[in-house]
There are 2 protein chains.
Amino acid sequence: MTGSPFAALVDWGTSNLRIWLVDSQGAVIGERQSPEGMGSLEKAAYPAVLEAHLSALGAPADLPVVIAGMAGARTGWREAPYVETPAPLVGLFQHAVQPEGLSRPVYILPGVCQRGGGAFDVMRGEETQLAGALEQGLDDALFCLPGTHSKWALVEGGQVRRFSTVMTGELFNLISRQSILRLSVPEDGDAEADPDIFDAAVAQALAPGFALTSVLFSIRAESLLAGQGAKVNAAARLSGLLIGAEIVAIRDDLLRHGKAYLIGTGKLTRLYARAITKAGGEPILLDGGLLVRRGLLASALSLFDHEFKD
Amino acid sequence: MTGSPFAALVDWGTSNLRIWLVDSQGAVIGERQSPEGMGSLEKAAYPAVLEAHLSALGAPADLPVVIAGMAGARTGWREAPYVETPAPLVGLFQHAVQPEGLSRPVYILPGVCQRGGGAFDVMRGEETQLAGALEQGLDDALFCLPGTHSKWALVEGGQVRRFSTVMTGELFNLISRQSILRLSVPEDGDAEADPDIFDAAVAQALAPGFALTSVLFSIRAESLLAGQGAKVNAAARLSGLLIGAEIVAIRDDLLRHGKAYLIGTGKLTRLYARAITKAGGEPILLDGGLLVRRGLLASALSLFDHEFKD
């Protein structure tokens, strides 16, 4: 049993748009998903795309909207400047911006940036997932969000203290499809098909003195020397080396926290869970869609709950 | 004053062909260079291409030929199987193969491979440069050969003990032109234009706990956060991180030997020299063309000197 529409919650990323119509308890009245992400939209197209989806959901004309993600980038709909680390996950709404000329209240939440110590980094959308995790009590935890660009975030006392974006997925694609290693990594190579090889590669990456770029070519040389007969699962090896090399950088945090909250689904997330275990951590899976909805709802309640208070 | 032609020495790589006509002292009577490398040749085309260049040089019809490089690969003219590490640099000629059906003696020298400890690797052509360096007394030394795929080789007692191929140049091209970092690294970016940034990136890579893939994205984030005004030499930074990450893997050898013999020319070699210095080593430049010629001559003298002995 859901109540009347309270707000529309929107996760508007580079390649995807998700909208949930929720009541004031966060129960979902209706939802839509579309490939109309920032990557395929002109700035001028945002209002019409949003209204079309809201109309299809039967949203009232004055229903307020809260948006997280790349819609707030400089090249998105309207820039919502980054909140700098250490960034409190409660109160992100205070930094929200409102696109002009709309007939309903629309707020775009900020991203988070990091400047300290030369480790420049940015996130847009993940901070709202982390705010959602905070709503379920995770105020001191290590998070991992696998993807083309994976992110690791250390949350302490409800603040994003440090985070790091790692181009592991993009590097896997470039190296396996376009470098000399493409001759050894089959296009349909399945890194999950050979867990022993994946595990051994992760272990190699975790060993002291590991240097990723000095090891990559051995994948090509091994297949050259093995000849036609021998089968080497080069996809499993490359994937294990890259994910292992990524975990090395946060291993101290991982061992201190013990658990790593893994936000994602599918094969890539399973590989990360495997590698985290191998590194001595305990992976705990969280549903990213649910988290971003919780995070958006928290902001919506802060922005729009005056009608309940008044 | 040169003597009569003794042999033709050929360096036949993936993208280049170089031929020297020499007398028995190694003095150059004539030379030619062409882009007819293995990458652009069918197997059947090798004899005619060779004869055309020999004829243009006025080589006698029975002049013997020694070839090093990718012509000896499985997919080249005729496979010259690898000599395995530890590989003596004297006596490579003993493993040379002769293509069939030719009217003159033609020998293709072997490459060197490494199977030990999972560090599979292969070289073809570089071993002949190392044999040339041996001729000038370098029988215990660390060598670095920068390139699209750079190679580091440790020679001890006149043997190739260990070596490593690092895809630094190829990774630089893929990352700077095709990954998300392409938005931050200008196509005409000159890594030499900003030595301070290059040096700082090398130093970062050499510091304990460095993890390359966890640092790369900061190049993109820095340019996003710096805005339009600030200029960041992302090419210098990416180049320094990659070359530094490569040197980390051989740093123990570098500090033990003190010197690194750097075989190459041009901008890339200068960047390697700079990074080696930064890592506490002393780079000493050697001329690769001269070395391969010396190495080929040593094999030619062993293969063909019977006329002087008889």
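**Exercise 1. Which element gives the most to the lining of the largest cavity?**

Before you start: this is a predicted model, where local features need pLDDT of at least 70, side-chain atom pairs count only at pLDDT 80 or more, and totals for chains, interfaces and linings use all residues. Residues are numbered from 1 along each chain as its sequence is written, chains are lettered from A in the order in which they are written, and side-chain values use heavy atoms, with hydrogens and water left out.

*Step 1.* Pin down the term: a cavity is a set of points on a 1 Å grid over the protein atoms alone where a 1.4 Å probe fits but cannot get out, and lining residues have an atom within 4 Å of a point. Volume is the space filled by probe spheres set on the points, which are joined across faces, edges and corners.

*Step 2.* Count: there is one cavity of 30 Å³ or more, and the largest has a volume of about 50 Å³.

*Step 3.* List the lining, which includes T213(A), L216(A), T213(B) and L216(B). Two or more residues each come from α3 and α5 of chain A, and from α3 and α5 of chain B. Helices here are DSSP runs of H or I with at least four residues, strands are E runs of at least two, and both are numbered from the N terminus.

*Step 4.* Pick the winner: α5(B), with three residues.

**Exercise 2. Find the residues with the most contacts inside the largest nonpolar core.**

*Step 1.* Such a core joins buried Ala, Val, Leu, Ile, Met, Phe, Trp, Tyr and Cys residues through side-chain atoms within 4.5 Å; buried means under 20% relative accessible area, exposed over 50%, partly exposed in between (1.4 Å probe, protein chains only).

*Step 2.* The largest core has 48 residues, and L216(A) and L216(B) have the most contacts inside it. Its largest share, seven residues, comes from α5(B).

*Step 3.* Check the surroundings of L216(B): skipping neighbours within four places in sequence, it contacts (heavy atoms within 4.5 Å) M167(A), L171(A), I175(B), L181(B) and L238(B).

**Exercise 3. Classify the ring pair F143(A) and Y261(A).**

*Step 1.* Rings of Phe, Tyr and Trp (its six-membered ring) pair if their centres lie within 6.5 Å; planes under 30 degrees apart are stacked, over 60 edge-to-face, the rest tilted. That rule gives 12 aromatic pairs over all chains.

*Step 2.* For F143(A) and Y261(A), the centres are 5.8 Å apart and the planes sit at 40 degrees, so call it tilted.

*Step 3.* Place the partners: F143(A) is in strand β10 and Y261(A) in strand β13, 118 residues apart. F143(A) is buried at 0% relative accessibility, and Y261(A) is buried at 13%.

How values were computed:
1 Å grid on protein atoms, 1.4 Å probe; cavity = no way out; pocket = protein on both sides within 12 Å on 5 of 7 lines; lining within 4 Å.
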